[in-house]
Amino acid sequence: MRVRVATTALGITAALLALPACSTDTTGAKHQTTSSARTGKPADAVQKPTALGSAALESRLLDQSDLGSGYLRKPERPAQHDDVTVIGCPALSELGGDAATGGTLTFPHRAKAAFTYGGSSEISEELYSDSAKKLSDGIGRIFDAMTGCPTYQVVAGGTPIDMTSQKLPTPHGLGDEQWSQLLTFSAGGRSTVVKQTAIRDGSLLLIVSGSPALVDHHLDKALAKATAVS
């Protein structure tokens with residue numbers, strides 16, 4: 001079964017397809033997969049402050065001074081809505097068109113930054129703000145769908161890309177809810193491994209994606225800055 005989804009889904013597919021095709025990063029690729037990709041307190045257990053505006057979220061993103069030397073910020077690209085064909089993932093099909101194209105994450109308050117490191121590795125950070133329930137439901141449905149398909153294929157611009165996904169243990173003690181997964185993109189004999197971790201803290205949702213080593217290194221710092229009280 002085929003379902004056409006936009007490359008904006010979760011902000012991941014477009015970003016990952018833009019990663020250097022020659023980069024093969026297996027750092028952190030071997031993880032236990034018995035833990036759930038979603039842990040933490042229910043979204044309605046504790047309601048924290050109301051949503052922040054996009055300008056406030058922008059100021060809470062990591063910048064080059066936070067990351068250290070060797071990082072270069074990537075210029076923001078115009079939004080792309082090229083169709084991508086996903087083959088062999090019923091879980092994504094069951095979400096329906098709007099959810100599968102990332103509709104559940106098109107919150108009105110959002111900010112994003114992406115950086116390259118060492119010329120080949122990349123890391124991106126996304127911040128969203130809305131009610132705890134909306135954030136939890138939106139990110140949870142997408143993660144559940146993607147990790148529900150261990151293997152599937154994406155056809156983008158006529159190029160078939162074999163994909164594998166697996167749940168990862170989530171970072172304990174961070175935020176109210178956590179999700180984490182490892183994605184491997186293989187095309188033309190080359191592979192790219194990307195880790196993605198999402199943390200909801202009250203009315204904030206943080207998503208950090210990229211090289212597994214970079215995600216692990218900067219996740220705590222990203223959450224601390226995102227949730228800091230001015």
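Is Cys149 buried or exposed? I started my notebook with that one, and Cys149 counts as buried, at 4% relative accessibility. Before going further I noted that this is a predicted model.

**Entry: the disulfide**

I searched the whole structure for disulfides and found one. The bond runs between Cys89 and Cys149, with the sulfur atoms 2.0 Å apart. Next I looked up where the two cysteines sit. Cys89 is in the loop between strand 4 (83-87) and helix 4 (90-94), and Cys149 is in the loop between helix 6 (132-147) and strand 7 (151-156), so the pair ties together parts that are 60 residues apart in sequence. I then checked the handedness: the torsion about the S-S bond is about 90°, so this disulfide is right-handed. Cys89 has 2% relative accessibility, and because buried means under 20%, I wrote Cys89 down as buried. Its partner Cys149, at 4%, goes in the buried column too.

**Entry: salt bridges**

How many salt bridges are there? My count came to eight, and I followed up a few of them.

I began with Lys225 and Asp63, whose side chains meet in a salt bridge at 3.6 Å, N to O. This pair links distant parts of the chain: Lys225 belongs to helix 7 (residues 212-227), while Asp63 is in the loop between helix 2 (54-59) and helix 3 (64-67), 162 residues apart. I looked up the accessibility of both partners. Lys225 comes out at 24%, so I list Lys225 as partly exposed. Asp63 has 30% relative accessibility and counts as partly exposed.

My next stop was Lys74 and Glu122, which form a salt bridge at 3.1 Å, N to O. Lys74 is in the loop between strand 3 (71-73) and strand 4, and Glu122 is in strand 6, so this pair ties together parts that are 48 residues apart in sequence. For Glu122 I noted a relative accessible area of 12%, which means that Glu122 is buried.

Then I turned to Glu177 and Arg200, a salt bridge whose closest N and O atoms are 2.8 Å apart. Glu177 lies in strand 9 (residues 177-187) and Arg200 in strand 10 (residues 190-201), so the pair ties together parts that are 23 residues apart in sequence. I checked burial here as well, and both Glu177 and Arg200 are buried. Last on this page, I looked for salt bridges that share partners: Asp63, Asp66 and Lys225 are joined by them into one network.

**Entry: a second look at Glu177**

I went back to Glu177, in strand 9, to see what else its side chain touches. The relative accessible area of Glu177 is 3%, so I have Glu177 as buried. Which side chain does a polar contact of 2.8 Å join to that of Glu177? One partner is Ser136, at that distance. The salt-bridge partner Arg200 also turns up here, with a side-chain polar contact to Glu177 of 2.8 Å.

**Entry: Lys195 and Leu204**

Lys195 has its place in strand 10. At 8% relative accessibility, Lys195 goes into my notes as buried. I found its side chain joined to that of Asp216 by a polar contact of 2.5 Å.

I also looked up Leu204, in strand 11 (residues 204-210). Leu204 has a relative accessible area of 9% and so is buried. I then compared positions with Ser129: the two residues are 75 apart in sequence, yet their C-alpha atoms are 4.7 Å apart in space.

**Entry: cavities**

My final search was for enclosed space. Rolling a probe the size of a water molecule over the atoms shows where empty space is left. Over the whole structure I found two cavities of 30 Å³ or more. I picked the second largest, with a volume of about 50 Å³.

What lines the second largest cavity? I listed Leu62, Leu67, Phe115, Ile123, Ser124, Glu125, Val208 and Ala222. Sorted by class, that lining has six nonpolar residues, one polar and one charged. Strand 6 (residues 121-129) gives the most to the lining, with three residues. I had already met strand 6 as the home of Glu122, the salt-bridge partner of Lys74.

Methods:
Residues are numbered from 1 along each chain as its sequence is written. This is a predicted model: local features need pLDDT of at least 70, side-chain atom pairs count only at pLDDT 80 or more; totals for chains, interfaces and linings use all residues. Side-chain values use heavy atoms; hydrogens and water are left out. On a 1 Å grid over the protein atoms alone, a cavity is a set of points where a 1.4 Å probe fits but cannot get out, and a pocket is an open set with protein on both sides within 12 Å along at least five of seven lines; lining residues have an atom within 4 Å of a point. Grid points are joined across faces, edges and corners, and a volume is the space filled by probe spheres set on the points. Helices (H or I, at least four residues) and strands (E, at least two) are DSSP runs, numbered from the N terminus. Ala, Val, Leu, Ile, Met, Phe, Trp, Tyr, Cys and Pro count as nonpolar, Asp, Glu, Lys and Arg as charged, and the others, Gly among them, as polar. A disulfide is a pair of cysteine sulfur atoms within 2.5 Å. Buried means under 20% relative accessible area, exposed over 50%, partly exposed in between (1.4 Å probe, protein chains only). A salt bridge is a side-chain nitrogen of Lys or Arg within 4 Å of a carboxyl oxygen of Asp or Glu. A polar contact is a pair of N or O atoms within 3.5 Å; within protein, one must be able to donate a hydrogen and the other to accept it, and residues adjacent in sequence count only if both atoms are side-chain atoms.
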